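The following exercises are to be worked with the sequence and the coordinates at hand. Each task is followed by a solution in steps.

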Amino acid sequence: MIRVLERSCTIVALLVLAAGPVTAQSTSLMFRGNPEHTGVSGAPLFGGQGGVLWRATTGGAIRSTPAVSATRVFVGSGDGSLYALDRARGRIVWRFAAGDPVTASPAVASGLVVAATHGGRIFAVEEASGRLRWSRKTGPRLPFNTYPAGAWDVWASSPVVSGSTVVIGGGDGVIYALEL
């Protein structure tokens, strides 16, 4: 298993390197801003930044950061849905029923929102409508981590988009490189 994972990591590293450097003009939105996860924003501060502009409620816990575009906020929920919220007012624009908690940060690229469920479904929906474009089920999840904490385990892998490739880890211990 370790040898297979090492090969998978090498393949993923080669795919990411082959895609070339990510420039500041990248239009993909994902966890910590870019494939390098630098978390740096070039956006200027604006008046009132840091205050509560609006609140939105989902039917479950939100355990990840959202992906934020010029007009929308995309976030997964423990209620098994991926949400698109209006950035200006916080109202729900659409809700995609993913079938299991969406516990990792989504990524937005080329008009698609890519996310994954805790149960092992990787999927992409249209950014404007929330309509399903594609879905991929991963293999069976690995057994719970029993060291050191005991019978609990939480994993959540946020997708990285580089060019037209989505790279994401699955609960089955496999790293997936999928065509966007």
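**Exercise 1. A charged network**

Does arginine 133 count as buried, partly exposed or exposed, and what is its relative accessibility? Determine also which salt bridges involve glutamate 126.

Solution. The model is a predicted one.

Step 1. The relative accessibility of arginine 133 is 48%. Exposed requires over 50% and buried requires under 20%, so arginine 133 is classed as partly exposed.

Step 2. Arginine 133 and glutamate 126 form a salt bridge through their side chains, with an N to O distance of 3.8 Å. The cut-off for such a pair is 4 Å.

Step 3. Glutamate 126 also forms a salt bridge with arginine 131, at 2.5 Å from N to O. Glu126, Arg131 and Arg133 are thus joined in a network of salt bridges.

Step 4. Glutamate 126 has a relative accessible area of 18%. Because buried means under 20%, glutamate 126 is buried.

**Exercise 2. A salt bridge between distant parts of the chain**

Identify the elements that hold arginine 95 and aspartate 79, and compare the classes of exposure of the two residues.

Solution. Step 1. A salt bridge joins the side chains of arginine 95 and aspartate 79, with 3.5 Å from N to O. Arginine 95 belongs to strand β4 (residues 92-97), while aspartate 79 lies in the loop between β2 (72-76) and β3 (81-86). The two residues are 16 residues apart, and the pair links distant parts of the chain.

Step 2. Arginine 95 is exposed, at 52% relative accessible area. Aspartate 79 is partly exposed, at 23%.

Step 3. The count of salt bridges by the 4 Å rule is 4. As a general principle, side chains of opposite charge can pair when their charged atoms come close.

**Exercise 3. Two open sheets**

Establish the strand order of each open sheet of 4 strands, and name the edge strands.

Solution. Step 1. One open sheet has the order β1-β2-β3-β4, and its pairing is antiparallel. Its edges are β1 (67-68) and β4; each has a single partner strand, so one side of each is without a neighbour in the sheet.

Step 2. Within this sheet, β2 and β3 run antiparallel and are joined by 5 bridges. Phenylalanine 74 has alanine 84 in β3 as its bridge partner.

Step 3. Another open sheet has 4 strands in the order β5-β6-β7-β8, again with antiparallel pairing. The edge strands here are β5 (107-109) and β8, each of which pairs on one side only. On average, neighbouring strands of this sheet are turned by 15° against each other, direction ignored.

Step 4. Strand β6 (residues 112-116) pairs with β7 over 5 bridges in the antiparallel sense. In β7, glutamate 126 is the bridge partner of leucine 112.

**Exercise 4. Two hairpins**

For the hairpins β7-β8 and β10-β11, state how many residues lie between the strands and which glycine in each turn has a positive phi.

Solution. Step 1. Strand β7 (residues 121-126) pairs with β8 over 5 bridges, antiparallel. Isoleucine 122 stands opposite arginine 136 in β8. The hairpin has 5 residues between its strands, and glycine 130 in the turn has a positive phi of about 80°.

Step 2. Strand β10 (residues 165-169) and β11 are likewise antiparallel, over 5 bridges. Valine 167 faces alanine 177 in β11. Between β10 and β11 there are 5 residues, and glycine 173 in the turn has a positive phi of about 85°.

Step 3. In a regular strand, side chains alternate between the two faces of the sheet. In β11 (residues 175-179), Tyr176 and Leu178 make up the covered face, whereas Ile175, Ala177 and Glu179 make up the uncovered one.

**Exercise 5. A loop residue**

Where is threonine 138 placed, and which residues does it contact beyond four places in sequence?

Solution. Step 1. Threonine 138 is in the loop between β8 (132-137) and β9 (160-162).

Step 2. Leaving aside its neighbours within four places in sequence, threonine 138 is in contact with Gly120, Ile122, Asp172 and Tyr176.

Step 3. With a relative accessible area of 10%, threonine 138 is buried.

**Exercise 6. Confidence**

What is the mean pLDDT of the chain, and over which residues does pLDDT stay under 50?

Solution. Step 1. The mean pLDDT is 80, and 71% of the residues reach 70 or more.

Step 2. Over residues 1-26, pLDDT stays under 50; the model has 15 contacts beyond four places in sequence for this stretch.

Terms used: Residues are numbered from 1 along each chain as its sequence is written. Side-chain values use heavy atoms; hydrogens and water are left out. Buried means under 20% relative accessible area, exposed over 50%, partly exposed in between (1.4 Å probe, protein chains only). Contact means heavy atoms within 4.5 Å. Two strands pair if DSSP finds at least two bridges between them. Axes are lines fitted to C-alpha atoms, for helices over the stretch in contact, and angles run from 0 to 180 degrees between N-to-C directions. pLDDT is the predictor's confidence in each residue, from 0 to 100.
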